[in-house]
Amino acid sequence: MNVRLYIWQRATAALMAPLVLGHIVLIFYATRQGLTAADILSRTRGSIVWAAYYGLFVAAVSIHAGIGVRNILVEWSPLTDRRAGQLAVAFGIVLAALGLRAVAAAVLS
Amino acid sequence: MSEQLAELSVSLWRGGEDGRYRAYRVPRRESQTVLDVVTFVQRHLDPTLSYRFACRVGVCGSCAMTVNGKPRWTCRTHVAKVARRGRLQIGPLENLPVIKDLTTDLEIFFAKWQRAKGAFAPSQTRHDPIALVRPDSPLRIAADAAIECINCGVCYAGCDTVRWNSEYLGPAALTRAWTLVNDERDAGNTVRLQAVAAAGGCHACHSHQSCQELCPQALNPTAAIAGLKRRTAAAYLSGEIMP
């Protein structure tokens, strides 16, 4: 890992820390209040705030996990740095696609 | 001494990379060091045993070996501290190529000091007045990080990151770089920060802290590497260096 990847990984970690806490609070709130899927969708559909919250979350996770997977591949597999980087980018794109698809399903009406 | 065994069961690595451990019986002595044990084998049991030492008093850093699974400076390691039920297993340092028996090839270890720009880059000439550095200034205190380092290779041999990533510069070279980064007389910092911020540099460290646990000089390379991570991040963000 070089300094550029290090800064991206630390910055996305710093961004995710409050987002994870908010996400956990939200899960507790939704389950304790007994919200149904329809209740949740009625609040998230068309909401720019929820789209931004989870869109940012998905972006941070994709970058953070991609860099982490790259490090694991570099240290634990015989792949070259370049090949590990390519696989890590592909992994990040898959994560971003899956995450953004879920966000779209929750906020687009 | 009365409660100690009269003899030690010593297992020494013999041969190169594809060698094996061979057993020896060595008399137990008072205040015996691991280096004394190895020397006894070579002087009395097998003169073909190869190992390295020079000062015998913890200054030169040449006698490090793997003792019962951990890298140690053998001249200052007492048998009483490390022997388990009278047994000692002594091998060459890990993470380095074995030349023969207990000697390893340290070329890569010192090549990485060069790669980390571990040489002092003077900012003045001999014709300038002698630099006055206050001993209590924060930079001077930070520069202490590697001053007592004896280049023994114990931290390098005990580092998991070196084991997993052959490009990693290692704790000793990075700690030396951190000392020079804080040396206010040095003029080579941009090049040095660039070198330690590249792949295999300080950001590869996982902060397992084996280096500071094993360092015979009680130095803390993990803290020095953390300092380099902060300093290189600031240098990158300000545009001083490019990865």
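Here is a short chat about chain B of a predicted model.

Visitor: How many helices and strands are there in chain B?
Guide: Let's start with the overall picture, keeping in mind that the model is predicted. The C-alpha trace of chain B spans about 65 × 35 × 30 Å along its principal axes. Within chain B there are ten helices and seven strands.

Visitor: What percentage of the residues of chain B count as buried?
Guide: A residue is buried if 20 or more other C-beta atoms lie within 10 Å of its own. Chain B has 243 residues to test in this way. The share that counts as buried is 42%.

Visitor: What share of the contacts in chain B with a separation of 6 or more comes from residues 24 or more positions apart?
Guide: Good one! Two residues are in contact if their C-beta atoms lie within 7 Å. Taking the contacts in chain B with a separation of 6 or more, the part due to residues 24 or more positions apart is 66%.

Visitor: Do strands β3 and β4 of chain B run parallel or antiparallel, and which residue is the bridge partner of M65(B)?
Guide: Strand β3 covers residues 64-67 of chain B and strand β4 covers residues 70-73. Four bridges join these strands, which run antiparallel. They form a hairpin with two residues between them, and N68(B) in the turn has a positive phi of about 45°. In β4(B), the partner of M65(B) is R72(B).

Visitor: How far apart do the C-alpha centres of domain 1 and domain 2 of chain B lie?
Guide: Chain B is divided into domain 1, residues 7-104, and domain 2, residues 107-237. The distance between their C-alpha centres is 29 Å.

Visitor: Which element gives the largest share of the side of domain 1 of chain B that touches domain 2 of chain B?
Guide: In chain B, 15 residues of domain 1 are in contact with 15 residues of domain 2. On the domain 1 side, β3 and β4 of chain B each supply at least two residues. By class, that side has seven nonpolar, four polar and four charged residues. The largest share, four residues, comes from β4(B).

Visitor: And which helix gives the largest share of the side of chain B that touches chain A?
Guide: The contact takes 13 residues from chain B and ten residues from chain A. The chain B side divides into eight nonpolar, four polar and one charged. Its largest share, four residues, comes from the helix at residues 221-237 of chain B, namely α10.

Notes. Residues are numbered from 1 along each chain as its sequence is written. Chains are lettered from A and ligands numbered from 1 in the order in which they are written. This is a predicted model: local features need pLDDT of at least 70, side-chain atom pairs count only at pLDDT 80 or more; totals for chains, interfaces and linings use all residues. A residue is buried if 20 or more other C-beta atoms lie within 10 Å of its own, exposed if 12 or fewer, and partly exposed in between; C-beta atoms are placed from the backbone. Two strands pair if DSSP finds at least two bridges between them. Ala, Val, Leu, Ile, Met, Phe, Trp, Tyr, Cys and Pro count as nonpolar, Asp, Glu, Lys and Arg as charged, and the others, Gly among them, as polar. Domain bounds come from an automatic or database domain assignment.
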